[in-house]
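Student: I have a model open and want to learn how to read it. Where do we begin?

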Amino acid sequence: MHYIKPFDPWKSRLCTCPPKYSFNPYTGCSHRCVYCYATYIPHFEQIRLKKNLFKKLEKDLQKLPKNALISMSNSSDPYPPIEKDLEITRKCLEIMKDYDIRVLIVTKGVIFTRDLKLLSEMRSAVSVTITGCDKAELSAPKTEERIKAFKELKDYGIPAILRFDPIIPYLNEDKVWIIERCEPDHVVTSTLKLRRDIFSRFIKVFPELRDMYKRIYFVEGEKIGSYYYLNKFKRLKMLSRVEEFCKEIGITCAFCREGFEFKADSCDGSHLIR
């Protein structure tokens with residue numbers, strides 16, 4: 001297919017997502033998050049448009065099985081600032097609606113509120129990433145803007161998924177209050193993973209964490225694939241804190257690529273899509 005691809009074609013042993021497809025209306029992302037894993041892609045911070053997108057999207061949709069799930073997006077964001085004028089993501093959603101596709105929106109943007117009526121008429125859910133670390137997400141909407149936008153999902157009856165993700169050591173471990181403010185239907189969480197290039201970007205913004213991160217990731221942590229993880233004890237402690245908080249307020253919680261069991265019906269919240 002042209003632009004719709006199977007999710008996780010590398011079959012990571014830590015991925016617990018249900019079978020689904022990935023679709024990115026844009027190439028690249030302008031949020032400039034210092035922990036971004038996709039910056040290995042050349043010129044990733046420069047958003048580029050796809051050739052013959054709508055025509056090729058229709059051709060791809062015709063090949064999908066019934067009840068297929070599309071996650072939009074997994075590397076770029078479907079709601080960058082230019083979407084407000086270009087409405088490319090909106091047009092893609094209008095096309096998908098005609099095919100009755102199940103859609104999971106994944107975003108750090110707030111422009112999705114413009115499309116809530118359309119999304120309410122589809123089999124959809126919206127997953128918004130809110131970490132509370134605005135300094136680490138240089139050009140993304142601020143925390144309060146995202147919380148406000150997130151709350152609008154309730155007015156349209158759209159399943160609301162909060163990605164408290166990643167948990168960044170010594171920066172947002174104590175910001176579980178975000179979960180209570182948002183009142184989501186489901187929470188996805190994970191700990192910060194590092195590559196050497198991510199570490200280099202990160203310490204330019206947070207130089208005070210250089211030595212601490214070197215120790216907890218590169219000395220005491222473990223390397224899984226191309227990423228450095230915190231050791232299992234630290235990760236489980238951080239994740240369990242979020243899980244217990246969610247349990248106390250009656251919300252399901254799942255972990256993303258951590259290797260630990262969770263009790264929710266899916267890690268990404270797609271089980272909430274009818």
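Tutor: Begin with a pocket, and keep in mind that this model is predicted. In the second largest pocket, H9 gives the largest share of the lining, six residues.

Student: How is such a pocket found, and how much space lies in the second largest pocket?

Tutor: A probe the size of a water molecule is rolled over the atoms, and this shows where empty space is left. Here the second largest pocket holds about 240 Å³. Its lining counts 13 residues. Nearest its centre lie Pro 169, Glu 173, Lys 234, Lys 237 and Met 238. S6 and H9 each supply at least two residues of that lining.

Student: Let's turn to the helix. What span should H9 have, and how far apart are its end C-alpha atoms?

Tutor: H9 runs over residues 232–248, which is 17 residues. At 1.5 Å a residue, H9 should span 24 Å. Its end C-alpha atoms are 24 Å apart, so the two agree.

Student: Which residues of H9 are buried?

Tutor: The general idea comes before the list. An α-helix has 3.6 residues a turn, so residues three or four places apart point the same way. In H9, the buried residues are Arg 235, Met 238, Leu 239, Val 242, Phe 245 and Cys 246. Viewed down the axis of H9, they fall within an arc of 115°, so they line one face of the helix.

Student: What do the buried residues of H9 pack against?

Tutor: Their partners are strands S6 (160–167), S7 (186–191), S8 (222–224), S9 (227–229) and S10 (252–255), along with helix H6 (177–182).

Student: Which exposed residues sit on the face of H9 turned away from its buried side?

Tutor: That face carries Lys 232, Phe 233, Lys 237, Lys 247 and Glu 248.

Student: What should I look for at the ends of H9?

Tutor: At the start of H9, a side-chain oxygen of Asn 231 comes to within 3.1 Å of the backbone nitrogen of Phe 233. Just after H9, Gly 250 has a positive phi of about 75°.

Student: One residue to finish. Is Asp 268 buried or exposed?

Tutor: Buried means under 20% relative accessible area. Asp 268 has 4% relative accessibility, so Asp 268 counts as buried. Asp 268 is in the segment after S10.

Student: Which side chains make polar contacts with Asp 268?

Tutor: The side chain of Ser 266 does, at 3.3 Å. The side chain of Ser 270 does too, at 2.7 Å. Leaving aside neighbours within four places in sequence, Asp 268 is in contact with Cys 17, Pro 18, Lys 20, Leu 104, Ile 161, His 186 and Val 188.

Definitions and conventions. Residues are numbered from 1 along each chain as its sequence is written. This is a predicted model: local features need pLDDT of at least 70, side-chain atom pairs count only at pLDDT 80 or more; totals for chains, interfaces and linings use all residues. Side-chain values use heavy atoms; hydrogens and water are left out. Helices (H or I, at least four residues) and strands (E, at least two) are DSSP runs, numbered from the N terminus. The expected span of a helix is 1.5 Å times one less than its number of residues. Buried means under 20% relative accessible area, exposed over 50%, partly exposed in between (1.4 Å probe, protein chains only). The arc is that of the directions from the helix axis to the C-beta atoms. Contact means heavy atoms within 4.5 Å. A polar contact is a pair of N or O atoms within 3.5 Å; within protein, one must be able to donate a hydrogen and the other to accept it, and residues adjacent in sequence count only if both atoms are side-chain atoms. On a 1 Å grid over the protein atoms alone, a cavity is a set of points where a 1.4 Å probe fits but cannot get out, and a pocket is an open set with protein on both sides within 12 Å along at least five of seven lines; lining residues have an atom within 4 Å of a point. Grid points are joined across faces, edges and corners, and a volume is the space filled by probe spheres set on the points.
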